[in-house]
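Visitor: I have some time at the bench today and would like to talk through a structure with you. Could you put it up so that we can start?

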Amino acid sequence: MAKARRNKRGPFEYAHKLSMQTVFVLATIFLYAPIVVLIIFSFNDSRRGGNVIWRGFTTDYYVKAANNASLIEAFVNSLAIAVISTIFAVILGAITAIVLWRFRFPLKPGYEGLVALPIVIPEICMGVAIAVFFSSMGLYVSPGTLWPFNLTNIIIAHITFSFPFAAMVIRTRLNNFNREMEEAAKDLGASEFQVFRDILLPHMKPGLIAGGLLAFTLSLDDFVITFFTSGPDTVTFPVKVYSMVRFSVTPEINAASTVLILITLVLTAIAMRFQSFEEEHK
């Protein structure tokens with residue numbers, strides 16, 4: 001009888017499984033087909049990037065992108081902003097994570113909410129708010145400022161929205177910390193600094209790396225906040241690509257976008273690997 005029930009449920013279970021697989025395949029195609037098409041047609045031997053007719057394989061547009069001085073300048077700007085903002089974001093994120101993890105103080109839930117606020121509010125609202133703040137405070141970098149100080153506004157903006165992400169990742173790592181190790185080290189005469197350097201910091205290392213990679217990725221491909229905080233003479237890679245797309249979509253833009261996508265995917269994969277490492281060692 002039980003066997004008959006199992007056989008009766010079989011077709012429904014099979015149909016449910018098939019429908020779930022179909023939804024998964026369709027969602028995957030919907031999400032990644034445009035990216036795959038962009039990458040493929042970055043090698044298309046055509047003068048128009050939007051041309052869906054395959055004209056032949058070529059890497060000439062990658063060479064043109066590499067020889068485009070303004071595009072390379074924008075990429076270097078984005079790279080410098082990402083590196084500098086990531087360093088400060090990880091430091092601020094680590095301090096914030098330790099404060100939230102270790103100490104109890106009045107209005108702590110409200111402080112936690114303020115830290116998470118840049119994560120949950122729309123990015124365009126964040127960009128407008130930072131632009132208005134810079135304008136009201138008179139924080140404007142003149143065009144003749146020495147590089148990379150002419151990127152100061154963008155760097156500050158990127159630190160503002162990226163350090164909460166690093167803080168959340170680092171705090172997640174701290175939640176598995178065994179405080180008995182800290183107490184044992186203090187019983188053996190270790191100072192607070194020695195405990196932090198020799199015990200807490202090595203434990204935080206995977207979280208620091210994962211948080212840093214996440215902050216770097218977010219900064220490298222950010223457009224909205226950068227668009228609102230950049231000056232007329234300061235261009236980053238995403239903003240430069242956007243300005244090129246407004247005139248026409250060329251294979252050169254496809255090639256530049258492909259490079260940015262690959263960099264982002266590699267860094268995201270590394271960050272996810274460290275995240276999975278944390279989960280495995282909980």
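**Salt bridges and beyond**

Guide: Let me start with the charged side chains: this is a predicted model, and the count of salt bridges in it comes to 2.

Visitor: Which residue does Glu112 pair with, and how far apart are the closest N and O atoms?

Guide: Glu112 forms its salt bridge with Arg171, and the closest N and O atoms are 2.9 Å apart. Glu112 belongs to helix α4 (residues 108-120) and Arg171 to helix α6, so the pair ties together parts that are 59 residues apart in sequence.

Visitor: Are those two buried or exposed?

Guide: Neither word quite fits, since Glu112 is partly exposed with a relative accessible area of 25%, and Arg171 is also partly exposed, with a value of 22%.

Visitor: And what about the salt bridge of Asp198?

Guide: Asp198 meets Arg197 through their side chains, at 3.0 Å from N to O. Asp198 is partly exposed at 46% relative accessible area, and Arg197 counts as partly exposed at 42%.

Visitor: Let's step back. How many helices and strands does the protein have?

Guide: There are 11 helices and 0 strands. Buried residues account for 35% of the 282 residues, and of the contacts between residues at least 6 apart in sequence, 73% join residues at least 24 apart.

Visitor: Which residues touch the most other members of the largest nonpolar core?

Guide: That core has 14 residues, and the ones touching the most other members are Ile170, Leu174, Leu200, Met204 and Leu208. The elements that give two or more residues to this core are α3 (69-102), α6 (152-174) and α8 (192-220).

Visitor: What does Leu200 touch, sequence neighbours aside?

Guide: Not counting residues up to four places away in sequence, Leu200 touches Ile98, Trp101, Arg102, Leu174, Phe177 and Val195. Apart from the core we have been discussing lies another one, of 13 residues, which includes Ala82, Phe216, Phe237 and Ile253.

Visitor: Where is Thr236, and is it buried or exposed?

Guide: Thr236 sits in the loop between α9 (224-229) and α10 (237-247), and it is buried, with a relative accessible area of 2%. Leaving aside neighbours within four places in sequence, Thr236 is in contact with Ala74, Ser78, Ile81, Ile154 and Thr226.

Visitor: How about Leu213, buried or exposed?

Guide: Leu213 lies in helix α8 and is buried, because its relative accessible area of 15% falls under the 20% cut-off. The C-alpha atoms of Leu213 and Thr86 are separated by 7.9 Å, although the two residues are 127 apart along the chain.

Visitor: Switching to the outside, which residues make the nonpolar surface patch of about 880 Å²?

Guide: The patch is made by Phe30, Leu31, Tyr32, Ile35, Val36, Ile40, Trp54 and Phe57. Tyr32, found in helix α1 (residues 2-41), is partly exposed with a relative accessible area of 48%.

Visitor: Last topic, the rings: how many aromatic pairs are there?

Guide: The count comes to 8 aromatic pairs. One of them joins Phe133 and Phe134 in a tilted arrangement, with 6.1 Å from centre to centre and 50° between the planes. Phe133 is partly exposed at 44% relative accessible area, whereas Phe134 is buried at 7%.

Visitor: Which residues form an aromatic cluster?

Guide: Phe223, Phe227, Phe228 and Tyr242 form one aromatic cluster.

Definitions and conventions:
Residues numbered from 1 in each chain as written. Predicted model: local features only at pLDDT ≥ 70, side-chain atom pairs only at ≥ 80, totals over all residues. Heavy atoms only, no water. Core = buried A, V, L, I, M, F, W, Y, C linked by side-chain atoms within 4.5 Å. Buried < 20%, exposed > 50% of the residue type's maximum accessible area, 1.4 Å probe, protein only. Helix = DSSP H or I, 4+ residues; strand = E, 2+ residues; numbered from the N terminus. Contact = heavy atoms within 4.5 Å. Patch = residues over 30% accessible without salt bridge, like charges linked within 9 Å, V, L, I, M, F, W, Y side chains within 5 Å. Areas by Shrake-Rupley, 256 points an atom, 1.4 Å probe, with all protein chains shown as cover. Salt bridge = Lys/Arg side-chain N within 4 Å of Asp/Glu carboxyl O. Phe/Tyr/Trp six-rings, centres within 6.5 Å; stacked < 30°, edge-to-face > 60°.
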